[in-house]
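Here's a walk through how the chains of this assembly meet, plus a few local backbone details worth a look. Have the viewer open as you read.

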Amino acid sequence: MRATTGQFARRLLPTDTLTGDIAAELLARIEDAPLISPHSHVDARLLASNTQFRDPAELLVTGDHYLTRLLHACGVDLDRLGVGRPDADPRQVWRVVCSYWHVFAGTATGYWMAEELAGVFGIREELSARTADDVYDIIQQHLGMEAFRPRALFERFKIDVLATTDDPLDDLEDHARLQADGFRVLPTFRPDRLLDPEAPDFAESVNRLLATTSTAATFGGYLSALEQRRQYFISHGGVSADHGVFDTWTADLSPMEAESLFARVLSGTGDTNEIRLFRAHMLFQMARMSVDDGLVMTLHPGVYRNHSSATLSRYGANTGHDLPVTTTFVEGLRPLLERFGLERDFHLVLFTVDETTFSRELAPLAGFYPSIYIGAPWWFLDAPDAIGRFRAAVTETAGFYRGSGFIDDTRAFLSIPARHNTARRADAAFLARLVADGRVSMAAAEHIIEDLVDSIPKKAFKL
Amino acid sequence: MRATTGQFARRLLPTDTLTGDIAAELLARIEDAPLISPHSHVDARLLASNTQFRDPAELLVTGDHYLTRLLHACGVDLDRLGVGRPDADPRQVWRVVCSYWHVFAGTATGYWMAEELAGVFGIREELSARTADDVYDIIQQHLGMEAFRPRALFERFKIDVLATTDDPLDDLEDHARLQADGFRVLPTFRPDRLLDPEAPDFAESVNRLLATTSTAATFGGYLSALEQRRQYFISHGGVSADHGVFDTWTADLSPMEAESLFARVLSGTGDTNEIRLFRAHMLFQMARMSVDDGLVMTLHPGVYRNHSSATLSRYGANTGHDLPVTTTFVEGLRPLLERFGLERDFHLVLFTVDETTFSRELAPLAGFYPSIYIGAPWWFLDAPDAIGRFRAAVTETAGFYRGSGFIDDTRAFLSIPARHNTARRADAAFLARLVADGRVSMAAAEHIIEDLVDSIPKKAFKL
Amino acid sequence: MRATTGQFARRLLPTDTLTGDIAAELLARIEDAPLISPHSHVDARLLASNTQFRDPAELLVTGDHYLTRLLHACGVDLDRLGVGRPDADPRQVWRVVCSYWHVFAGTATGYWMAEELAGVFGIREELSARTADDVYDIIQQHLGMEAFRPRALFERFKIDVLATTDDPLDDLEDHARLQADGFRVLPTFRPDRLLDPEAPDFAESVNRLLATTSTAATFGGYLSALEQRRQYFISHGGVSADHGVFDTWTADLSPMEAESLFARVLSGTGDTNEIRLFRAHMLFQMARMSVDDGLVMTLHPGVYRNHSSATLSRYGANTGHDLPVTTTFVEGLRPLLERFGLERDFHLVLFTVDETTFSRELAPLAGFYPSIYIGAPWWFLDAPDAIGRFRAAVTETAGFYRGSGFIDDTRAFLSIPARHNTARRADAAFLARLVADGRVSMAAAEHIIEDLVDSIPKKAFKL
């Protein structure tokens, strides 16, 4: 079906003529618009060093846990995909991937890969054991060219701004270098391991944090050190602070309660309830800091991290076994919102991997609190059908203007244009349906589709 | 797209020709059928006094929290919308609304407003800063005419029956007057504040209730007073009792347990668990009374009321910050259903703002218990796409005949026809798909579409 | 609409021409493929004895709780449907069903019945009070023919393999006889009542189990007896063990803890927490046994069994009042998965009646753990629209190859082909959309549609 150009241009758009035509017209207005990427996991070093990509396996496979996890589920050991094995033969890795490629049919990963191969390398063949070597060779040849180095691709992709995700203690030298060179690559403050007493080496991390400011190991000193690191990020262009949490519970504690709790969790004597309470209070403190310093607060809750201990110990974190759990927002966030929800310049972007919250909590919350923005469909949900469900679930309550705009959230640099293009097509398809059945005028839809990739993310992320 | 009449007539209907034609044919059978509104929040006084609407702001904006909440989220203070400020300049309020109108694109509120302006006032222009004054003037001119007073509109809207929602201590004189004048406007018994120890002024309210019957402040006296107020509602045409609750837990207590619990919560000494248990038992008692006196029991659970204390204290309740929470039915309602679920004449209509319950609990429950009816999509879910999801989620298990029929549930009198028309179109669209792909015969669909707006609500609400 | 042959052939397929044509082409490849039924509730005795079906009521009504429950909800006493009344006049039962037939419009049951009547008996008329007697007579005439005995239908339906669900203490003589006669009818080990201390007659059942092996009433003896019964099932062709549980919590206990817990629950002195812990540990033990003996482990959680005590005591279990509850997997299964999730030959098929888990938990789990397979939509969810939602929810994360393939899960023997055909059509419709909008190539879709009814269920169930 993808063979004929006409149909290829219409991919992901509705197949009925009326709606498809409207969608194509809307898409045409934005398909080539610059990419705003206010939340990604691309490593700034990649762009700072501008080293050429080594091979197709490193570029497209090993670091992409979306891809390695499904192969693992199909019985392919992560070793065979090069995970934790920098010495793996990249051609062998690629062959394994291609020989299993049929399992990706219908997945977001499969779709993005096809888009990437076509869009970046001009490769339209389907991956298979038969085509593996040819495709490998074509990609490898391209990677040797100047035009396929990271910075050249950054420009070719028309990335207007890219925010990475960084450790609070990072020196941000890569970002400084990139900005000096005219690339708008912004750091994002991600302090999870400093806020969660159950994180590995929590006490050590906190002590390293405290050492940056020579403050005493008091709660006040700890907060002050966090505030100073946030300022450091802001001075390097940072616009947001990101929080990956298990649940959304927040708590407003008195300074004395907080001080004593801090002492207990830092010394490792806090029990489960105290640990949970500490996390809840730190989420509250992060909101307070965002109100004070203006960093947009983004929340990514509801993930059970490192579900498989054996995989964690053998291959490390972020290797595909983080799993969604039931998530709620309305009750857990109430203490935070009671204090900060109506603050004028506070922005709180709520993401979810539990799509039941779209219509039940996120749209109703963002339809009342001026501080709340609905995060774009995240992780397991940033695929064409899921984006359609997201729009259908939130729009009737919250409209188009209470969202964050699309977030690619990816470690896979090459997938950025494919992911944005997918979201643009899904949004065009959704809007076209509302135009076709008389809910939105074409003129309004034309404004909306443009705002979705420009003013909406810029407003939500204060860009 | 709404410019050409042909397409306008097909709004909300499927755009593929086959299904669209079937939907249009089904819709034609009921588009002009009288409206049955067995659950609304219209104030009976409005119709009793028949005073003309003051201005477009009062008529269409200030009291409609669907509308004011989204503007609030977009940074518009509720003051500027006239909420809590009867002295606000209505033209200024209207201008603010119009200047933000683009944020309502794709929302139910935006769609209904367009329908109301077109259907009631013949206004087809899109609202905007540019059109604000013209539209204001046209509406204002109409409001001065006799034909735009509440009772004239009631007749023009072809409202067959309208149920309001009323305090148990209301004297229902407005209803008596309306019925004397030939308008079928029925009161609904809504005793929340008399059943929830955490409601403001609970003890005072209960004492006022007890004073109506001169009974002692015992649990028995309290039940008896509630029963007598229900009788008073019945004698004024009431057919249902409505219950807004946080969760659905019910409990069957012994008279002695209940008596002692009542004493504790009335004196304000009950703890959180006792308060919750009291509420659970009172829901059980409400079912018992419905079995005894025949009032249909409607349940609206799963809403966190008054989420923003600052907004509550400044603007009062029902100003847009009630928010849905996770809801379940199967476990919580079991004590109630064990006792009353198989009672012949008991009707329990279950509404939800958590759409996960449609396929998981509501359809399975209503597909077994003769007493249970599935409430129409409620509040954040009574919009075109959400209605489609509702029908898809419940029909395969429970069919079309175990539902309540559409409920407009609105405070916005003018929106009643738009809301019913939207639901009728959504139902026609859903049914047309089942006809087009061979699941339901056209003859069957013709019966169903008629029953959905007539015999089905009449049966569920004993009208 | 079902009148014209052309449209009838296209039932359940998309109505837009492009997508409909693709779907029809895909369907044509598998519509007549043999049926693989690795999980059903058909009674092996039916096929072993090959007695002719008695009458339309016995064949199509009384034992089918999908059907009797909705009639019950509509006010028809189960007595009138012959439930618990073998002496009921079958023609009267049939007349009652037909006179209420309109309530099944849009339901899965209604659709299957139409398919069965057309496919097995050539009856295309809609059921109604008017047609009841004619249809009854036609069916009754057919039932007298040799070609309508169970074994003949088994062959006509092209059932390749059928797994029943059986008590661990069953002698499996019916299965032995069927296999001797060349019918591939396999037993499934379903030990619920031996694992749940709250099951009726738990202690008695366990003692009967222990008696089969003359082992002592120790936990070790109990495990050993279960293992031996599993071996007995394996020796009779069994490939899977099925577990109906309230929730998915699992626990890894030390032998000493388990022994003491066993003693307490067997003696009836265990409290609620101990009972829950015992069940959690036994689910863990079942996984351990599956790892040891290779039986595929299938899990059916999240059902509140026997919700109506009055109905249970009057009509028995499985009479329509089992109801879904909120279900989760990621946290509850973790102890089990920590120990067995990466075991090479372990297969754990997870079913759900809470569709929120499809995208949130099942697809992510099966997209990482090689042992986990996503069970086909189950029970209230095995209908055309629900199957579409299932595919849309899981495919973008887990693709097509991490599922179980379709499972009919039915007690209604005659409905097997209708159910498989429905699923095949729903899958063709889903795949066609991905082809039409450019996500999957036609060539890939052709492989997938064939694998879905052949290699995929064979792999998941080790057939």
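## The A–C interface

Chain A and chain C bury about 3800 Å² between them, and carbon and sulfur atoms account for 56% of that. Keep in mind that this is a predicted model. As for who takes part, the contact draws 47 residues from chain A and 47 residues from chain C.

On the polar side, the interface of chain A and chain C holds four salt bridges. One pairs R344(C) with D77(A), with 2.5 Å between the closest N and O atoms. Counting polar contacts, we get 27 residue pairs between chain A and chain C, both partners at pLDDT 80 or more. Which elements of chain A supply at least two residues each to the side that touches chain C? They are α5 (65–73), α7 (108–121), α16 (309–315), β7 (323–324) and α19 (384–398). By class, that side of chain A splits into 22 nonpolar, 16 polar and nine charged residues.

## The A–B interface

Now turn to chain B. Here the contact involves 46 residues from chain A and 47 residues from chain B. The buried area is about 3800 Å², 56% of it on carbon and sulfur atoms. Three residues of chain A stand out: R360(A), F368(A) and E396(A) lose the most area to chain B, and together they make up 20% of what that side buries.

There are four salt bridges between chain A and chain B. In one of them, the side chains of R344(A) and D77(B) come together at 2.5 Å, N to O. The polar contacts between chain A and chain B number 27 residue pairs, again with both residues at pLDDT 80 or more. At least two residues each of the chain A side that touches chain B come from α2 (17–30), α17 (334–340), α18 (356–366), α19, α20 (416–436) and α21 (442–452). Which helix gives the most to this side of chain A? That's α18(A), with eight residues. Sorted by class, the side of chain A that touches chain B has 24 nonpolar, 10 polar and 12 charged residues.

## How the copies are related

What does it take to lay chain A on chain B? A turn of 120 degrees with a shift of 0.0 Å along the axis does the job, at an RMSD of 0.0 Å. The two copies are therefore related as by a three-fold rotation axis. They use different surfaces where they meet: 2% of the contact residues of chain A recur in chain B.

Chain A goes onto chain C in the same kind of operation: a rotation of 120 degrees, 0.0 Å of shift along the axis and an RMSD of 0.0 Å. Here too the copies use different surfaces, as 2% of the contact residues of chain A recur in chain C.

## A covered helix in chain B

Helix α5 of chain B, residues 65–73, is mostly covered, with nine of its nine residues buried. The buried set includes charged and aromatic names such as R69(B) and Y66(B), and also L67(B), L70(B) and L71(B).

What caps the N-terminal end of α5(B)? D64(B) does, placing a side-chain oxygen 3.1 Å from the backbone nitrogen of Y66(B). After α5(B) comes G75(B), which has a positive phi near 100 degrees.

## Two positive phi values in chain C

Most residues other than glycine have a negative phi. In chain C, D409(C) has a positive one, near 55 degrees, and is not a glycine. D409(C) sits in the loop between α19 (384–398) and α20 (416–436) of chain C. Is D409(C) buried or exposed? Its relative accessible area is 11%, under the 20% cut-off, so D409(C) counts as buried.

K462(C) also has a positive phi, about 55 degrees, without being a glycine. Look for K462(C) in the segment after α22 (455–460) of chain C. With 25% relative accessibility, K462(C) counts as partly exposed.

Technical notes. Residues numbered from 1 in each chain as written. Chains lettered and ligands numbered in written order. Predicted model: local features only at pLDDT ≥ 70, side-chain atom pairs only at ≥ 80, totals over all residues. Heavy atoms only, no water. Contact = heavy atoms within 4.5 Å. Buried area = accessible area lost by both parts, 1.4 Å probe. Polar contact = N/O pair within 3.5 Å; in protein donor to acceptor, adjacent residues only side chain to side chain. Helix = DSSP H or I, 4+ residues; strand = E, 2+ residues; numbered from the N terminus. Nonpolar A, V, L, I, M, F, W, Y, C, P; charged D, E, K, R; others polar. Least-squares fit on C-alpha atoms with pLDDT ≥ 70 in both. Buried < 20%, exposed > 50% of the residue type's maximum accessible area, 1.4 Å probe, protein only.
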